Amino acid sequence: MKILKIFIPFAFGYFLSYLMRVVNAVIAPNLVVELELTAADLGLLTSANFLAFSAAQLPLGVLLDRFGPRLIEALLLLFAASGAFLFANAQSMPELITGRALIGLGTSACLMGAFKAYLMWVPSKKIPLINGLQMTAGGLGAVTGTVPMELALTITDWRGLFVGFGFIAIFISLIIYLAVPQQSATNRTIPSLTDQFGGLVKIYTNPIFWRIAPITIASQSMFLGTQSLWAGPWLSDVAGLDRDVVAHYLLIIAIAMVGGFLGMGTVANQLEKWGIKTITVSIGGMIIFALIQLPIIFLWIDLALPLWIAFGFFGTAGILSYASLPLYFPSEMAGRVITALNVFTFGGAFAAQWGMGLIINLWPNYDIVGSYDPSGYQAAFALMLAIQLAGLAWFFFFRKTKV
């Protein structure tokens, strides 16, 4: 019962975090038409979430250790609520970007805070299961950000959705603060700033980190940037699907992502028993993920659904790096290893999402208002694939250290 009292509030927080992250893929046509946005504008305002999320990661680790996940996540969710309200009432690009950035800042603790809480209060043998369930809660948020949001738009508009998100964020903040136990003195770790900085220096100067990080960042940047925005416009502009069909496809992709979270972790756990390291499974999955992007680049629209299902499933392979990379460092540094990687992953997602918009915008708008030329998508996706291939090459040829 105590585990549920801790898990449910944090699971709802991550659910909302993922929902607000991906919903722009559905409401993108509304934003483009109503506010006359270019592809670059759309990419920038959506990716502001990732930029703020990335910037928060390193100080977040210190705050979670000093004050505990209960207080920090409850407080930050109020920032997410203010961002949702601002976004809902925005009339200009600066207001939209500020709103999305506040949402990113406000949801920055929804995963790391939960992981910290589970380490504090959940028996160690149950940590893998409850961490997997936490990721699944986020996946369900991504699922809700598709067809259910499209249906919600028949009742309200995109502004009404974000007003609702704001009130939900306040509600979850209260639930976390009231329901989650306070951090006891025996559970509290208060490392000095010097120790925190020294740990980060050790991480960022470790060759193992720099062998694994580039491909993980490249793969996750492509996946996060595309799944949370550009998948929807691609299905509309390139595959020529109607809006309701696009929403259903996004739903299936999100379900595939949930399957990836569960399936890739299960496979890695089983293969680990046979002596195959988790990082090997992660790299194999990222190679498959890269190969899947080739037919998408070549516009194999007749295979759009199976390709994007595979995209959703294997796009989660990079997450396994978050389980394997901390194993090469002392256990007390695990949180800092994850946040050290998160800084680059979500910073990369910001650059990827906005950069893809800039590239797509290089081609004139297509023959329908609010749509973009398929050639722009080809160029953007090809560049992202090239970056992933460079990351894979670095992993295989960087021989200063073994993993």
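The exercises below work through the fold and the salt bridges of a predicted model.

**Exercise 1.** Work out which secondary structure elements the protein chain has, and how its radius of gyration stands against that of a compact globule.

*Solution.* Begin with the elements: the protein chain has 17 helices and zero strands. Next, take the radius of gyration, for which a compact globule of 403 residues would have a value near 22 Å, and the 20 Å of the protein chain agrees with this. Finally, turn to the contacts with a separation of 6 or more, of which 83% are between residues 24 or more positions apart.

**Exercise 2.** Determine how much of the protein chain is buried, and which atoms supply 71% of the area that it exposes.

*Solution.* Of the 403 residues, 57% count as buried. The protein chain exposes about 16,400 Å², and carbon and sulfur atoms supply 71% of that area.

**Exercise 3.** Find the salt bridges, and decide for each partner whether it is buried or partly exposed.

*Solution.* The count comes to two salt bridges. In one of them, the side chains of Arg159 and Glu34 meet at 3.1 Å, N to O. Arg159 lies in helix 9 and Glu34 in helix 2, so the pair ties together parts that are 125 residues apart in sequence. Since buried means under 20% relative accessible area, Arg159 with 14% is buried, whereas Glu34 with 42% is partly exposed.

A salt bridge also joins the side chains of Arg243 and Glu150, again with 3.1 Å from N to O. This pair links distant parts of the chain, with Arg243 in helix 12 and Glu150 in helix 8, 93 residues apart. Here Arg243 counts as partly exposed at 31% relative accessibility, while Glu150 is buried, with a relative accessible area of 18%.

Conventions. Residues are numbered from 1 along each chain as its sequence is written. This is a predicted model: local features need pLDDT of at least 70, side-chain atom pairs count only at pLDDT 80 or more; totals for chains, interfaces and linings use all residues. Side-chain values use heavy atoms; hydrogens and water are left out. Helices (H or I, at least four residues) and strands (E, at least two) are DSSP runs, numbered from the N terminus. The radius of gyration is taken over C-alpha atoms; the globule rule is 2.2 Å times the number of residues to the power 0.38. Buried means under 20% relative accessible area, exposed over 50%, partly exposed in between (1.4 Å probe, protein chains only). Contact means heavy atoms within 4.5 Å. Accessible areas come from the Shrake-Rupley method with a 1.4 Å probe; for residues, only the protein chains shown count as cover. A salt bridge is a side-chain nitrogen of Lys or Arg within 4 Å of a carboxyl oxygen of Asp or Glu.
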